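Reader: I should be grateful for a close look at a single part of this structure. Please describe how its backbone is arranged there, and then turn to any unusual backbone geometry.

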Amino acid sequence: MEGKQLKKLMVGMALTATLATAVTPGFGSIGGNQGKAYAATVTYKVTASKLNVRSGAGTNYGIIGSVVKDQMLSVVSKSGSWYKINYNGRTGYVSSDYVQASGTTTPPAESTTYTVTASTLNVRSGAGTSYASIGSVTKGQKLSVVSKSGSWYKINYNGRTGYVSSDYVQASGTTTPPAESTTYTVTASTLNVRSGAGTSYASIGSLTKGQKLSVVSKSGSWYKINYNGRTGYVSSDYVQASATASPKLVVDSFKTLGNAQQVILVTADNYDTKSAKIQTFEKVDGKWKQVLTANGVLGQKGFALSKKEGDMESPTGKYTIGTAFGRYENPGTKLPYRKITANDVWVDDSKSSLYNTWQQKPANGRWTSAENMDIPAYDYGFVINYNESRTPGNGSAIFFHVGTNYTAGCTATSKEQVVSILKWLNPEKNPVIIQSPVSELDKY
C-alpha cells in the first residue's frame, strides 16, 4: 500500500482551522465581514515530503501527478483510506494516511459507487422517459452521479448533463443517496463568487439576481458551485433553494388501465419499424413508478393495423398477461409457469378447432400446422393474451420472448431483460401489456 511505502516520510503537522463568515448584500456587490461566525471548515494538509496523486482510489491506479509537504488539498470526499481531490482541474486520489485533516466539522462522507445493472441503459436529456435519449451506458459501467430526482439520477455524461433511471443503477457505499434535485436561484442583486468557502478568499467573478446555479455541495453557509468551467463558492444566505417537481410519466395520462398496477409499454416510432422501446411501470402507494427501460424488436414488418395470420406483424392494443414459459426451470416468476418439452406446439392452423392454443404432438389429424415451442427464442417468455376468442385467421402464438433481430409477430428483447420482467410480474397486480406507435398512445 502507498501508505506503508511512505510511512517513514510522515511528519506531524500543526492543526489549522479556518472560520467562514457570512456576507451582507450592499448596493453593488456582496462582501465584507459582518461578524457572523459559522462552523469551522476542514483543512487538508499533506504531511509527506511527496505524495502521489492517482487516477483512482488505490495504488493499482496510474499516477497523474504529486503534491508536496504542507500543500493544502481540495478534498471532495473520502473512500476507505483514500481522499478524492480536485487536482489541477481534474479528479485525483491520495492516501489519507499522509494527509492531516483539521477543523471541527464532519469529514467528507464515504464516496458511493454507482454501477449500471441493465445490459443497456438510456441516458436522457431530462428526468423522464418523455425526454430524448442522448446516448446509453452499459452493464458494469461506473457513473458520475450529481444528484437524484425522484427515480432518476442526474449524471455527468461525456461532458454534458444526462439522466438515467435509478432502478437500473446500483449504489454501493455508506453515504446517503444524492438529495432530491433542487433549483438554486440567486436572490441578491449581485453575489460574489469566491475561490474558497469564506470571505477571506478572492472573488473570481459574480452572479446577478435570478441567475440559476449549478450547486455541487454545501459547506457550512457556503455553496460549492460550477462557475464558468471552474469551482467557485457563494454564500448560501443569498441563494434560494427550491425542490424540482417529479417529472410526469407517460402512464400518468392513460385512462384505460382500470385496476392494473403493472404495465409493460411497447412503443415504436411508427407502424413500419421493427425496433421498439420497452418500458415497465408499477403503481406504488397510488403513484406510478418507472421500473425498466430496454430495447426490443417487433414483427419483421412492424406493427399491424389489423393483425392477420402469417403477416409478420405485431398486434397493437392492450392485453392481459398469460402463462409464463421456458425451456428451463422457473426463473422466479410469480406467473403460472410451464416448462416446454420437445412435444409442445402452438396450433396456427386457422381451420383447426384448437387454433391459437398450446398443444402437444402428435397431431393425429387435429391440425395441419403448428409452431414448435422447443426453440431458443422460447428459452423464456410469456403469452400475450391476444385473440382469446380464437377467431380464425386473426393471428396466433403472440408471445413476449427472447430475441434481438425481429419476430414473426411477437415482441422480443434480450434474455436478461425477459427474465427480469418475468421476475417482476405479479398476477395480483393485474399486469397488462400495451403495444402502440408513439403517435397513438392517446388511445389509452
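Author: Strands here are DSSP runs of E at least two residues long, numbered from the N terminus. The model is a predicted one.

The part chosen is an open sheet of three strands, ordered 34-33-35, with antiparallel pairing. Strand 34 (358–360) and strand 35 (370–372) occupy the edges; each has a single partner strand, so one side of each is left without a neighbour in the sheet. On average, neighbouring strands of this sheet are turned by 40 degrees against each other, direction ignored. Strands of a sheet pair through backbone hydrogen bonds, in either a parallel or an antiparallel manner. Strand 33 (residues 344–347) runs antiparallel to strand 34, and three bridges join the two. W346 stands opposite W358, a residue of strand 34.

The loop between strand 34 and strand 35 contains P362. The peptide bond leading from K361 to P362 is cis, its omega being near 5 degrees.

Two further loops deserve mention for their backbone angles. In the loop between strand 29 (303–304) and strand 30 (314–315) lies M312, a residue other than glycine whose phi is nevertheless positive, near 60 degrees. M312 counts as partly exposed because its relative accessibility is 22%, and the category begins where buried, under 20%, ends. N387, in the loop between strand 36 (380–384) and strand 37 (399–402), also is not glycine and has a positive phi, near 50 degrees. With a relative accessible area of 10%, N387 is buried.

Terms used:
Residues are numbered from 1 along each chain as its sequence is written. This is a predicted model: local features need pLDDT of at least 70, side-chain atom pairs count only at pLDDT 80 or more; totals for chains, interfaces and linings use all residues. Side-chain values use heavy atoms; hydrogens and water are left out. Two strands pair if DSSP finds at least two bridges between them. Helices (H or I, at least four residues) and strands (E, at least two) are DSSP runs, numbered from the N terminus. Axes are lines fitted to C-alpha atoms, for helices over the stretch in contact, and angles run from 0 to 180 degrees between N-to-C directions. Buried means under 20% relative accessible area, exposed over 50%, partly exposed in between (1.4 Å probe, protein chains only).
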